[in-house]
Amino acid sequence: MILVTGGTGFIGSHTAVELMEAGYEVVIIDDLSNSNEAVLDGIKKITGKKPLFEKFDLCNLKLVDDFFKQYNTIKAIIHFAAKKAVPESIEKPLLYYENNLVSLINLFKLMLKSSIRYFVFSSSCTVYGDADELPVTEKTPMKKANSPYGNTKQISEEIIEDIIAAGHPVKAVSLRYFNPIGAHPSGFIGELPVGIPSNLVPFITQTAFGIHPELMVYGNNYNTPDGTCIRDYIDVVDLSKAHIKAIERLLPGKMKSDFEIFNLGTGKGVSVFEMIHVFEKATNVKLKFRVTGRREGDVEQIWADTSYANKELGWKAETSLEDTLRSAWKWEKYYRNQSK
Ligand code: WQD
């Protein structure tokens with residue numbers, strides 16, 4: 001059995017689907033603070049089965065302890081549960097440090113008490129900050145994170161590394177996501193919008209649906225070919241599949257060290273203007289947009305060198321950007337029609 005914390009969230013739910021389709025039994029812990037239980041029905045529509053689910057806050061050590069007493073056949077943990085909104089983390093740093101770090105520490109406290117030895121951590125390219133070299137490799141030095149959110153990811157990786165260095169019998173993989181976008185091709189699960197999205201693709205699909213009059217492009221005076229920021233946008237299903245590869249490396253002991261880090265991106269940088277163009281081409285929906293000032297904290301450009309993950313995990317992002325944006329659009333329409 002695999003524990004998926006944050007498994008009703010965007011990447012967590014897609015990973016739960018891939019795990020179940022690969023034959024693993026899944027139990028999800030989620031406090032539903034940024035998702036909802038209906039996601040479990042979406043997972044069932046795709047896989048034919050509803051995963052086991054426990055709703056509680058991982059910051060409550062007693063509840064985590066009770067959980068592991070009840071679920072004593074867990075072989076590995078994939079830890080997604082964390083707050084992840086960059087602007088909110090700047091506004092409420094204490095909430096982010098407490099939630100993201102205490103939940104991780106509680107999980108490790110119980111792991112060390114139990115026989116669970118394998119841990120997959122959901123990290124982010126944010127740990128690189130404004131990297132001096134592009135594309136970034138796993139060896140690119142971490143710079144000061146641009147936000148408390150990014151700092152919690154850096155600190156979390158260091159906590160895991162120190163626990164392992166102290167000799168505790170744990171093996172871990174940290175997966176550094178670039179920009180996860182899109183939705184499961186079925187249209188039954190996707191990125192649940194909570195409030196006004198800060199991320200580009202949900203804002204694009206909501207604008208296309210008519211929820212916003214126009215998309216704001218945060219600056220076109222960067223030192224990039226078309227002046228807009230460049231990111232490495234990775235399809236969420238491709239990203240989820242990498243977690244299965246990580247489990248299949250961990251469980252049979254194929255690791256080359258006790259703590260391994262992988263960049264999960266496409267290896268290709270795409271600008272905001274290019275995203276608008278590809279979305280319009282892929283969906284035949286014209287997008288209204290307006291260029292505004294830069295957004296504070298935005299990194300000018302970042303994309304991944306994925307050769308290490310390609311070689312060692314035997315994983316590669318395969319979905320075209322057009323197909324990914326089409327899946328995001330399909331999900332937006334399905335979600336809005338469902339909500340009517
Ligand atoms: C992408 C580009 C914006 C919205 C964040 C987190 C990162 C990860 C992914 C959790 C930027 C531009 C955006 C809009 C725009 N989250 N943009 N108009 O900031 O690269 O990464 O989300 O792990 O940790 O930092 O993603 O989608 O917010 O922005 O012009 O309405 O789109 O300026 O250049 P970002 P994003």
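The dialogue below walks through a predicted model and asks how its descriptions are justified.

Visitor: Why is glutamine 154 called buried?

Guide: Buried means under 20% relative accessible area. Glutamine 154 has 9% relative accessibility, so it counts as buried. This residue lies in helix α6, residues 148–165.

Visitor: What is glutamine 154 in contact with, leaving aside its neighbours within four places in sequence?

Guide: Val127, Met142, Lys143, Lys144 and Ala145.

Visitor: What makes the pair of lysine 143 and glutamine 154 a polar contact?

Guide: The cut-off for the N or O atoms is 3.5 Å. The backbone oxygen of lysine 143 lies 2.7 Å from a polar atom of the glutamine 154 side chain. That distance is within the cut-off.

Visitor: Why is isoleucine 155 called partly exposed?

Guide: Partly exposed covers the range between buried, under 20%, and exposed, over 50%. Isoleucine 155 has a relative accessible area of 24%, so it is partly exposed. It too is found in helix α6.

Visitor: Which residues does isoleucine 155 touch, leaving aside neighbours within four places in sequence?

Guide: Tyr97 and Leu101. Tyrosine 97 is 58 residues away along the chain, yet the two C-alpha atoms are separated by 9.4 Å.

Visitor: And glutamate 318: how do you know whether it is buried or exposed?

Guide: Exposed means over 50%. Glutamate 318 has a relative accessible area of 66%, so it is exposed. Glutamate 318 sits in the loop between α10 (307–313) and α11. Its C-alpha atom is 31 Å from that of serine 339, 21 residues apart along the chain.

Visitor: What makes helix α7 largely enclosed by the rest of the structure?

Guide: Count its buried residues. Nine of the 10 residues in α7, 200–209, are buried, so the helix is largely enclosed. Leu200, Phe203 and Gln206 are among them.

Visitor: What covers the buried residues of α7?

Guide: The cover includes strands β7 (179–181), β8 (215–218) and β10 (233–235). It also includes helices α9 (272–283) and α11 (321–339). Just after α7, glycine 210 takes a positive phi of about 95°.

Visitor: How do you know which residues surround the ligand?

Guide: A residue is near the ligand if one of its heavy atoms lies within 4 Å. There are 19 such residues, and the closest are Thr126, Tyr149, Met216, Arg231 and Asp298. By class, 11 are nonpolar, five polar and three charged. Strand β8 gives the largest share, four residues. Both α7 and β8 supply at least two residues each.

Visitor: What makes asparagine 179 a polar contact of the ligand?

Guide: A side-chain N or O atom of asparagine 179 is 3.0 Å from a ligand oxygen. The limit is 3.5 Å, so the pair qualifies. Leucine 200 passes too, with a backbone N or O atom 2.7 Å from a ligand oxygen. For tyrosine 218, a backbone N or O atom lies 3.0 Å from an oxygen of the ligand. Taken alone, the ligand exposes 680 Å², and the protein buries 91% of that.

Visitor: Which residues touch the most other members of the largest nonpolar core?

Guide: Ile28, Ile43, Leu175 and Leu264, in a core of 43 residues. Helix α8, residues 236–250, gives the largest share, eight residues. Apart from this core lies another, of 30 residues, among them Phe68 and Ile116.

Visitor: What does leucine 264 touch, not counting residues up to four places away in sequence?

Guide: Its contacts include Leu175, Phe178, Ile234, Leu239 and Trp315.

Methods: Residues are numbered from 1 along each chain as its sequence is written. This is a predicted model: local features need pLDDT of at least 70, side-chain atom pairs count only at pLDDT 80 or more; totals for chains, interfaces and linings use all residues. Side-chain values use heavy atoms; hydrogens and water are left out. Buried means under 20% relative accessible area, exposed over 50%, partly exposed in between (1.4 Å probe, protein chains only). Contact means heavy atoms within 4.5 Å. A polar contact is a pair of N or O atoms within 3.5 Å; within protein, one must be able to donate a hydrogen and the other to accept it, and residues adjacent in sequence count only if both atoms are side-chain atoms. Accessible areas come from the Shrake-Rupley method with a 1.4 Å probe; for residues, only the protein chains shown count as cover. Ala, Val, Leu, Ile, Met, Phe, Trp, Tyr, Cys and Pro count as nonpolar, Asp, Glu, Lys and Arg as charged, and the others, Gly among them, as polar. A nonpolar core is a set of buried Ala, Val, Leu, Ile, Met, Phe, Trp, Tyr and Cys residues joined through side-chain atoms within 4.5 Å.
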